Amino acid sequence: MNSRKILRASLALCTTGLLFGSGVQVASATGQADERGAQAAARVVTYDSSGAAEFKDAVTQGAAAWNESVKNVQLKPVQPGQRANIIVVADNGWPRAQPTSLGNGRVWMGRQAVNQGHNTVRIASHELGHILGLPDVKPGPCSSLMSGASAGTSCTNQYPNAQEKASVERKFAGTKVYARDVAPKFALAVY
């Protein structure tokens, strides 16, 4: 074998190995996806809560609630020098989220709801739910995380219900983000 053929074969093997390691499905010559690529790793969505002021711990707990509830996406704090998918800030308004695409956007932890007695961890988990592609469900029971403020100030549930979990799992299934997930149906979601 000449050196060019060896080099091409080596590059093909390296590329295939990189694709399999990343969870990308690679089609064989027969057109069938290789089984090694079928098990995709969870998509990591990073968040920066450095601007969340007194709500930083609530954001961490809200992210943990999602991480305990779903497998196809995991929320992780951004590492130094890395760009975050989600920016979380505190302000004096009402809590809200502005998704820019699935798994990306901005969350405002508004003090107005907290001053009225709403639970900070529930607020954080709810707003992160918007970034993960979920709409408000109002009015709704406390068992629905996405019911937000309509569940009342006594509601402290920070976990998504089965339907909410299933929806997020579907949206983040596999390694592809589909166009229908990139353009959210809501521009600004309010707690």
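User: What makes Cys-142 and Cys-155 a disulfide?

Analyst: The sulfur atoms of Cys-142 and Cys-155 are 2.0 Å apart, and a disulfide is defined as a pair of cysteine sulfur atoms within 2.5 Å. The pair therefore meets the definition. A search of the whole structure finds one disulfide. This is a predicted model, in which local features need pLDDT of at least 70 and side-chain atom pairs count only at pLDDT 80 or more, while totals for chains, interfaces and linings use all residues. Residues are numbered from 1 along each chain as its sequence is written, and side-chain values use heavy atoms, with hydrogens and water left out.

User: Why is the disulfide of Cys-142 and Cys-155 called right-handed or left-handed?

Analyst: The torsion about its S-S bond is about 80°, so the disulfide of Cys-142 and Cys-155 is right-handed. Both Cys-142 and Cys-155 lie in the loop between α4 (120-131) and α5, so the pair ties together parts that are 13 residues apart in sequence. Helices here are DSSP runs of H or I with at least four residues, strands are runs of E with at least two, and both are numbered from the N terminus.

User: Why is Cys-155 called buried or exposed?

Analyst: Buried means under 20% relative accessible area, exposed means over 50%, and partly exposed lies in between (1.4 Å probe, protein chains only). Cys-155 has 2% relative accessibility, so Cys-155 counts as buried. Cys-142, with a relative accessible area of 30%, is partly exposed.

User: How do you know whether His-126 is buried or exposed?

Analyst: His-126 is placed in helix α4. Its relative accessibility is 0%, so His-126 counts as buried. The side chain of His-126 also makes a polar contact with the side chain of His-130, at 3.0 Å. A polar contact is a pair of N or O atoms within 3.5 Å; within protein, one must be able to donate a hydrogen and the other to accept it, and residues adjacent in sequence count only if both atoms are side-chain atoms.

User: Which residues does Gly-105 touch?

Analyst: Contact means heavy atoms within 4.5 Å. Leaving aside residues up to four places away in sequence, Gly-105 touches Asn-85, Ile-86, Ile-87, Gln-98, Pro-99, Thr-100 and Ile-131. Gly-105 belongs to strand β5 (residues 104-110), and with a relative accessible area of 10% it is buried.

User: Why is Gly-174 called partly exposed?

Analyst: At 46% relative accessibility, Gly-174 falls between the two cut-offs and so counts as partly exposed. Gly-174 lies in the loop between α5 and α6 (179-182). Its C-alpha is 7.7 Å from that of Asn-72, although the two are 102 residues apart in sequence.

User: What makes Asn-161 a cap of α5?

Analyst: A side-chain oxygen of Asn-161 lies 3.1 Å from the backbone nitrogen of Gln-163, and Asn-161 thereby caps the N-terminal end of α5. The buried residues of this helix (residues 162-171) are Glu-164, Ser-167, Val-168 and Glu-169. These buried residues pack against α2 (56-69) and β2 (73-77).

User: How many of the residues that line the second largest pocket are nonpolar, polar and charged?

Analyst: The lining has four nonpolar, four polar and one charged residues. Ala, Val, Leu, Ile, Met, Phe, Trp, Tyr, Cys and Pro count as nonpolar, Asp, Glu, Lys and Arg as charged, and the others, Gly among them, as polar. Among the lining residues are Leu-134, Met-146, Asn-161 and Glu-164. On a 1 Å grid over the protein atoms alone, a pocket is an open set of points where a 1.4 Å probe fits, with protein on both sides within 12 Å along at least five of seven lines; lining residues have an atom within 4 Å of a point.
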